[in-house]
Number of protein chains: 2
Amino acid sequence: MGRRFNLNLRHILWRAATYYPRKEIVSVNSWGVVERLSYSELHTRVRRLAGALRGSLNLGPGDRVASMCWNTARHLELHFAVPLSEMALHTVNLRFSAEQVVSSVNDAGDRVVFADPDQLPLLERIASELKTVKAVVLTEDSGKVEGLETLRLEDLLSESEEADLIDVDEEKPAAICFTTGTTGQPKGVIYTHRGIFLRAMASCMSDTYAVSERDVMLHVVPLYHISSWFMPYAATLVGSKQVLPGPHPSVERIVRLILDEGVTVSDGVPTIWLNVLGYAKERGITRLGELRRIVVGGSAVPEALIRGFAELGVEVIQAWGMTETYDSAVATYVKSHLRSLPEDEQVRLRVKQGLPFPGIEVDAVDESGKRVPWDGVTPGELIIRGAWIVDGYFNNEEATKTSFTGEWFRTGDVVTIDPEGYIELVDRLKDLIRSGGEWISSIAVENAIMSHPAVKEAAVFAVPHEKWGERPVAVVALKEGARASKEELLDFIKDRFPKYWLPDEVLFVEEVPKTSVGKFDKKLLRATYRDLLRRSSGDAGQA
Amino acid sequence: MGRRFNLNLRHILWRAATYYPRKEIVSVNSWGVVERLSYSELHTRVRRLAGALRGSLNLGPGDRVASMCWNTARHLELHFAVPLSEMALHTVNLRFSAEQVVSSVNDAGDRVVFADPDQLPLLERIASELKTVKAVVLTEDSGKVEGLETLRLEDLLSESEEADLIDVDEEKPAAICFTTGTTGQPKGVIYTHRGIFLRAMASCMSDTYAVSERDVMLHVVPLYHISSWFMPYAATLVGSKQVLPGPHPSVERIVRLILDEGVTVSDGVPTIWLNVLGYAKERGITRLGELRRIVVGGSAVPEALIRGFAELGVEVIQAWGMTETYDSAVATYVKSHLRSLPEDEQVRLRVKQGLPFPGIEVDAVDESGKRVPWDGVTPGELIIRGAWIVDGYFNNEEATKTSFTGEWFRTGDVVTIDPEGYIELVDRLKDLIRSGGEWISSIAVENAIMSHPAVKEAAVFAVPHEKWGERPVAVVALKEGARASKEELLDFIKDRFPKYWLPDEVLFVEEVPKTSVGKFDKKLLRATYRDLLRRSSGDAGQA
């Protein structure tokens with residue numbers, strides 16, 4: 001016995017190349033040119049790239065390879081060639097600061113960096129600080145990074161032999177992704193072949209994303225962000241046509257690709273799809289070609305997005321996940337006995353984060369670690385375990401220790417769970433505001449402010465207060481040309497909350513500061529406005 | 001690290017009980033009475049049954065428990081309680097001969113037998129030969145098996161405490177099933193928690209059986225036969241309503257349950273569904289309620305079944321598998337670029353066995369183990385590996401050795417694989433007829449004879465021949481009241497094959513003898529007619 005079949009990326013690529021050799025991967029390059037290659041060609045190029053990694057680049061099992069790339073076929077090739085050479089692909093987040101890039105590349109110990117043309121200036125700037133990198137491979141361009149050996153990808157490929165893809169042990173790392181976390185330097189998360197395989201398989205189940213060979217999938221989520229939520233592996237496993245929109249994809253390009261390539265399913269953060277919706281409305285578009293569903297996550301999905309896309313014949317599937325959960329672990333699924341509810345109540349369900357995937361288990365606990373009731377009211381920290389949850393941080397015993405309770409990962413998200421099991425996000429644990437011994441949800445208040453027609457963005461955060469401990473403060477960016485006063489906004493939301501939930505201050509800004517993954521940077525806001533309420537006695541405080 | 005989540009049956013039952021506590025399991029008992037229990041009640045009964053196994057019955061980890069049961073909720077409870085007590089459930093094939101039952105129970109070393117009422121006479125007869133069995137538990141009846149301690153299930157449950165379901169290591173056995181094989185005694189096959197979990201997950205993928213919570217699944221395949229192809233685990237994983245048709249289900253009962261319970265998906269061997277089709281046609285039924293798809297396997301699916309059910313709005317998904325492949329490993333899937341083919345060509349695709357599931361890899365090899373081309377013409381033995389293929393036989397080193405080539409399981413099925421990867425069964429390796437150095441497919445010839453309107457069944461098999469080595473002989477059972485001669489039948493098929501493929505003899509019988517799983521018993525036929533052609537010189541031989 002012991003002939004165990006490894007759940008690894010080799011099988012995923014083998015299946016597409018064997019059964020769908022002529023299916024297309026459509027990719028936009030740095031010059032905006034649309035390229036096409038088949039799964040058969042992808043397979044050949046991956047084998048050749050694996051040959052280059054092990055040959056010219058002289059890398060071996062266990063090595064780490066960094067990518068600083070957009071969503072292109074070149075980046076997809078790295079997603080197979082590196083793991084199938086028994087190495088791990090470190091997808092560097094292109095939104096990271098130079099300091100974060102240096103820290104994560106040094107932490108991962110990357111030997112080689114594959115980079116898109118627009119990354120060269122940054123690489124030049126940080127070259128001398130990269131301790132383990134011995135070469136840079138340019139994906140598209142010729143050029144030179146001062147201080148580092150610089151190679152061209154196509155040169156490398158043309159001089160390399162096709163290598164056999166390794167039947168890697170399923171527990172071995174395939175990828176590394178760094179999460180900014182809440183304090184200090186980025187923390188590395190390791191993804192195994194097994195975890196990616198199970199995550200890909202789960203995405204093809206009827207009651208999750210139902211990814212099928214018949215689908216044409218547009219990857220809007222960056223490959224540098226949890227490998228585009230691992231959707232490309234699901235698409236390859238079943239042989240879907242894939243569309244990669246290239247660097248800095250604009251709304252116009254996204255819509256154009258959806259229409260031109262017959263895209264049926266896509267994904268991304270709410271902001272992008274709100275922009276697509278706005279674009280469609282402005283132009284009187286009533287159908288987005290063949291598009292039938294979009295997986296939306298990264299932050300809470302507004303009701304307007306669900307209703308707006310329903311009018312275009314597109315279902316919005318809300319997904320919840322974290323870097324530590326291989327992204328998607330929870331998603332919208334309306335149970336059959338709830339499908340007869342009035343539409344408004346169904347939308348109410350769909351704005352919740354949803355139910356865990358098959359293979360994932362969740363619960364919510366209070367500060368002492370005791371389970372809270374699933375009553376839809378009592379908040380608790382979401383804890384999670386399952387078939388694709390990481391089991392610790394790379395090189396970081398301390399963070400690993402504080403992030404797990406036994407076999408459960410502590411998400412740091414405060415949620416309620418209703419009697420049907422639907423999870424609803426209340427707030428990030430660290431963003432909850434503790435005022436006079438009571439909790440205030442920053443997310444609930446900012447969502448209420450954002451529903452005012454004049455408001456573009458609003459973030460609510462805690463500011464230290466002598467009497468109440470903490471009090472909420474809002475920063476608000478108004479829409480172009482729109483006007484609203486502090487009083488008007490507070491009046492607009494006052495009936496929805498206890499009086500003590502209303503922010504003590506509303507500060508108007510041009511734009512709310514954001515983190516590298518596009519979320520409101522509340523850490524920065526808290527630091528910036530730390531002394532705001534010390535100057536006053538806070539007479540608008542808790543009632 | 002090392003907090004690995006086990007892919008086991010605990011998660012499957014937990015999910016249904018947690019998210020679909022009120023969903024129904026409908027079960028027909030031995031008296032034809034329809035019983036209903038919810039997943040929540042199932043969960044409680046399973047915990048109580050686990051308590052009984054470990055308490056009153058005094059069993060422990062590693063023990064084996066036999067079931068001699070039909071498709072009922074009681075049998076489903078055993079499918080969770082036994083594996084989640086870290087024991088293996090041996091589902092005894094109710095079609096086995098007394099000798100085969102004794103051999104398999106002794107081989108498995110079963111400690112306790114759970115039995116439905118109609119199995120008592122058999123148990124009485126063999127009680128003295130069962131070496132390891134210390135008790136019989138009657139699922140429904142009160143009664144006594146002479147020579148064995150006899151208990152009633154409901155008594156056991158009422159006196160037991162609910163036990164915790166064990167988070168079993170995924171590599172541990174969950175079930176044992178015996179396959180009759182081709183020679184000698186039944187061989188035991190072990191199913192692990194991991195294999196069952198992956199098989200269940202795969203059955204829910206869009207491009208396979210797409211099992212969903214919205215489905216109502218009728219289990220026609222016996223639970224004693226590869227645990228009803230593991231479909232109950234898929235249904236439980238996603239929370240489908242399940243319908244178990246009880247002992248000796250008739251066509252009338254199957255149709256009645258489909259209509260009464262809103263069944264959307266079912267499964268079974270071709271014979272049963274041909275009978276359902278005949279029943280529907282006789283009564284002018286044009287829709288079978290909500291039924292939309294049936295998974296059909298066990299033997300090749302006739303075109304008439306596919307076309308007949310298409311008229312009822314039901315898709316036939318052909319499945320190929322063996323005891324050693326957790327049943328389904330290959331199934332019908334029409335690739336998107338082939339969906340524009342004319343209907344006849346699509347039906348032609350659907351009578352092929354299909355494409356491997358995601359997670360499964362196949363190939364075909366010649367006698368020297370060399371890969372044969374995927375040209376749709378060259379036959380080779382199907383070899384297979386993947387996420388739910390067994391890695392050997394229980395207690396049988398010799399059979400394990402001869403059945404594997406490295407990590408590939410040798411199926412013993414001769415197939416062709418076409419350029420698109422579709423597998424088509426030519427014959428069982430052992431049923432191929434070698435005449436004058438050329439191969440003859442027994443299946444092809446018998447299918448041709450069976451397409452004659454007078455013929456009910458036909459089996460073709462090899463008989464030793466002095467000159468040609470082997471020659472084909474047919475046994476034919478005619479439909480009631482129908483008539484046909486040897487000459488007429490041979491004339492009917494002669495244009496479809498080379499002359500030397502035509503059987504030397506056609507013997508008319510009342511019924512073709514069958515094995516315990518309902519296939520033609522060619523081993524018996526070969527033995528019975530071994531000397532048939534020795535008496536003549538075989539002048540109808542090879543041209």
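**Exercise 1. Find how far apart the centres of domain 1 and domain 2 of chain A are, then describe where the two domains touch.**

Solution. Taken over C-alpha atoms, the centres of domain 1 of chain A and domain 2 of chain A are separated by 32 Å. Keep in mind that we're working with a predicted model here.

Step 1: get the bounds. In the domain assignment of chain A, domain 1 covers 9-23 + 36-195, domain 2 covers 357-429 and domain 3 covers 432-528.

Step 2: look at the contacts. Counting C-beta atoms within 7 Å as a contact, seven residues of domain 1 of chain A meet seven residues of domain 2 of chain A.

Step 3: ask who supplies the domain 1 side. Strand β9 (residues 187-192) of chain A gives the largest share of it, four residues. By character, the residues on this side of domain 1 that touches domain 2 split into three nonpolar, two polar and two charged.

**Exercise 2. Work out what relation links chain A and chain B.**

Solution. Step 1: superpose them. A turn of 180 degrees with a shift of 0.0 Å along the axis lays chain A on chain B, with an RMSD of 0.1 Å.

Step 2: name it. This is how a two-fold axis relates two copies.

Step 3: check the surface. Both copies use the same one, as 100% of the contact residues of chain A recur in chain B.

Step 4: locate the axis. Among the residues of chain A, A:M205 comes closest to the rotation axis, with its C-alpha at 2.0 Å.

**Exercise 3. For helix α12 (residues 303-311) of chain B, sort out which residues are buried and what covers them.**

Solution. Step 1: pick out the buried residues, taking 20 or more other C-beta atoms within 10 Å as the cut-off. They are B:L305, B:I306 and B:F309.

Step 2: look down the axis of α12(B). The buried residues fall within an arc of 100 degrees, so they line one face of the helix.

Step 3: turn to the other face. Away from the buried side, α12(B) carries the exposed residues B:A304 and B:E311.

Step 4: find the cover. It includes α11 (270-282), β13 (293-296), β14 (315-322) and α13 (343-350) of chain B.

Step 5: see what follows. After α12(B) comes B:G313, with a positive phi near 75 degrees.

**Exercise 4. Now treat helix α15 (residues 442-450) of chain B in a similar way: which residues are buried?**

Solution. Step 1: the buried residues are B:S442, B:V445, B:E446, B:A448 and B:I449.

Step 2: down the axis of α15(B), they fall within an arc of 155 degrees, so they line one face of the helix.

Step 3: their packing partners in chain B include β22 (423-428), β25 (455-465), β26 (469-478) and α16 (486-493).

Note on methods: Residues are numbered from 1 along each chain as its sequence is written. Chains are lettered from A and ligands numbered from 1 in the order in which they are written. This is a predicted model: local features need pLDDT of at least 70, side-chain atom pairs count only at pLDDT 80 or more; totals for chains, interfaces and linings use all residues. Domain bounds come from an automatic or database domain assignment. Two residues are in contact if their C-beta atoms, placed from the backbone, lie within 7 Å. Helices (H or I, at least four residues) and strands (E, at least two) are DSSP runs, numbered from the N terminus. Ala, Val, Leu, Ile, Met, Phe, Trp, Tyr, Cys and Pro count as nonpolar, Asp, Glu, Lys and Arg as charged, and the others, Gly among them, as polar. A residue is buried if 20 or more other C-beta atoms lie within 10 Å of its own, exposed if 12 or fewer, and partly exposed in between; C-beta atoms are placed from the backbone. The arc is that of the directions from the helix axis to the C-beta atoms. Copies are superposed by least squares on the C-alpha atoms of residues with pLDDT of at least 70 in both.
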